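Biologist: Hi! I am new to reading protein structures. Could we look at this one together, one question at a time?

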Amino acid sequence: MTSESPSLTGTESLAPPPGCPAHGLGTGGPRRLYGPDAEDLAGLYERLRDEHGPVAPVLLHDDVPMWVVLGHAENLQLVRSPSQYTRDSRIWTPLKDGRVKPDHPLMPHIAWQPICSHAEGAEHERLRDAVTAAMATIDHRSVRRHIGRHTQALVNGFCERGRADLVSQFAEHLPMAVMCEILGMPEEYNDRMVQAARDALKGTETAIQSHTYVMDALSRLTTRRRTRPEDDFTSHLIGHPAGLTDDEVREHLRLVLFAAYEATANLLANALRMVLTEPGFRAQLNGGQMTVPEAIEQSLWDEPPFSTVFGYFAKQDTELGGRRIRKGDGLLFAPAPGNVDPRVRPDPSESMQGNRSHLAFGGGPHECPGQDIGRAIADVGVDALLTRLSDIQLDCAEEDLRWRSSIASRHLVALPVRFEPKPQQDVDLPPRAMPIPPQRSNWQVGALSSDPAPAAEPQSAAHRPPVPESAPAALEPARPRGLWQRLLRWWHGG
């Protein structure tokens, strides 16, 4: 039997009118997804699940009503039902009624734009076909080489110091470097582009200027490729039979760049944090019970890059998760709480190894078309960094890690690490594990006696990487059989 509740946008509101002291308060009523009560959104979602089930009433900034979809099955039903729900916010009742002001903090996420992720029907098909066709032209072997080369260059920037912040010096840079290569503007990748993207996505006081900086670069790229096409994503997008205008090209380049950048930066930071803070997780990697790609999928379950996605809107009166949804109601697609739905994960601490049914990349007509690129950046980047810095450790107490949270995502502020200083490596070669000083005399794993292990056969000078004269002599730890061959295979796209 299905329970019903009044619509959030009709005359039978679940909450008192905005401004009432009781508005949004009390068990059973809508909960605010902003302010002091929302500092722990994960905990808030669980309280909402206990109170309301898989679909719960919430309030956005200015107490604008919305539904948040907490159930795994209900989230899939939402994104896979284009006849019932649309991404076009122009039908959202609070927006039509003027309750969502032009300066609403979430307006950049909510406002309708002429892009495929907000379109539907024939227009969605036209724009989406152009984007997916351009994506299909990407040479994934070449992309993996770009990822490897940029990873090597980034690690070279801090490997000799023995300390680094893997957020600001790695996770926030690698996706931008690779996406600039894919789009066809490698010359635009620099610190300023990374800072501008981060600033625009954070919505700071200078976000408009930062957004303009990025759009200027995309405009130059569009103009250049319109007159001089090459074999890159932008040229194929422009050349698609759909005949996108320059404005449509720029807007879709912005969509691809920002979505891929934010999602992959978060994915990299989250995956590296899990490796550094969860001993069992790292032991599985080191012991071969888990591959890096499997570790990335586990991270996508536990900490999806986007907590929620704005938004979906009901095209008609309908029902979802036992709730009566009225035409014009807004709903948040919510991967983070959906991924820990107790109906699919009774024990959230259990491994989801081999299971790709998480919600991190959405689903239905608007499923992320670039998810394989995001996975490749994380897979290759994490693997290469851990190969170079095999002794890497967290350089602060785990409880001192801080996140910058919003309704849309949870972004790790910093991930300080330490390791024994290492020499730089050739960016055009696969990463190599470097010798590190032994931490104790019997450090060899699996030694059968207390006798020192025999010294490794010295490398020839032609193949030995340069080592600073002051570096102490050290044994190279034993590596798993076939590691070098495996690295060569992924470096060449295998």
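Biologist: Which residue is the bridge partner of phenylalanine 313 in E9?

Modeller: This is a predicted model, so everything here is read from computed atoms. Strands E6 (residues 309-314) and E9 run antiparallel to each other, joined by three bridges. At one of these places, phenylalanine 313 has as its partner in E9 glycine 330.

Biologist: Thanks! And which residue of E9 does tryptophan 67 stand opposite?

Modeller: For this one, look at strand E3 (residues 64-69), which pairs with E9 in the parallel sense over three bridges. Tryptophan 67 faces a residue of E9, and that residue is leucine 331.

Biologist: Are the residues on the two faces of strand E9 buried or exposed?

Modeller: Take the faces in turn: strand E9 (residues 330-333) has Gly330 and Leu332 on one side, with Leu331 and Phe333 on the other. Both faces are covered, and all four of these residues are buried.

Biologist: How are the rings of tyrosine 312 and phenylalanine 333 arranged, and what is that kind of pair called?

Modeller: A pair of aromatic rings is described by the distance between the centres and the angle between the planes. Tyrosine 312 and phenylalanine 333 are both buried. Their ring centres are 6.5 Å apart and their planes stand at 70 degrees; an angle over 60 counts as edge-to-face, so this pair is edge-to-face.

Biologist: Which strands does that pair of tyrosine 312 and phenylalanine 333 tie together?

Modeller: The two residues are 21 residues apart in sequence. Tyrosine 312 belongs to one strand and phenylalanine 333 to another, so the pair ties together E6 and E9.

Biologist: Let's turn to charges. How far apart are the closest N and O atoms of arginine 410 and glutamate 303?

Modeller: Side chains of opposite charge can pair when their charged atoms come close. Arginine 410 is partly exposed, at 28% relative accessible area, while glutamate 303 counts as buried at 12%. The two form a salt bridge, with their closest N and O atoms separated by 2.9 Å.

Biologist: Which ring does the charged end of arginine 410 sit over?

Modeller: Besides its salt bridge with glutamate 303, arginine 410 has a ring beneath its charged end. The centre of that ring is 4.1 Å away, and the ring belongs to tryptophan 403.

Biologist: Is arginine 225 buried or exposed?

Modeller: Arginine 225 meets glutamate 230 in a salt bridge of 3.5 Å, N to O. Its partner, glutamate 230, is partly exposed, with a relative accessible area of 44%. For arginine 225 the relative accessibility is 5%, and under 20% means buried, so arginine 225 is buried.

Biologist: How many salt bridges does the structure hold?

Modeller: We have met two of them: arginine 410 with glutamate 303, and arginine 225 with glutamate 230. Another joins arginine 418 to aspartate 395, with the closest N and O atoms 3.3 Å apart. Counted over the structure, the number of salt bridges is 28.

Biologist: One last stop: which helices do the buried residues of H5 pack against?

Modeller: Helix H5 (residues 121-136) reaches 22 Å from its first C-alpha to its last, close to the 22 Å expected. Its buried residues include His124, Leu127 and Val131. The helices that the buried residues of H5 pack against are H11 (233-239), H12 (246-277) and H16 (371-388).

Conventions
Residues numbered from 1 in each chain as written. Predicted model: local features only at pLDDT ≥ 70, side-chain atom pairs only at ≥ 80, totals over all residues. Heavy atoms only, no water. Buried < 20%, exposed > 50% of the residue type's maximum accessible area, 1.4 Å probe, protein only. Helix = DSSP H or I, 4+ residues; strand = E, 2+ residues; numbered from the N terminus. Pairing = 2+ DSSP bridges. Expected span 1.5 Å × (residues − 1). Contact = heavy atoms within 4.5 Å. Salt bridge = Lys/Arg side-chain N within 4 Å of Asp/Glu carboxyl O. Phe/Tyr/Trp six-rings, centres within 6.5 Å; stacked < 30°, edge-to-face > 60°. Lys NZ or Arg CZ within 6 Å of the ring centre and 35° of its normal.
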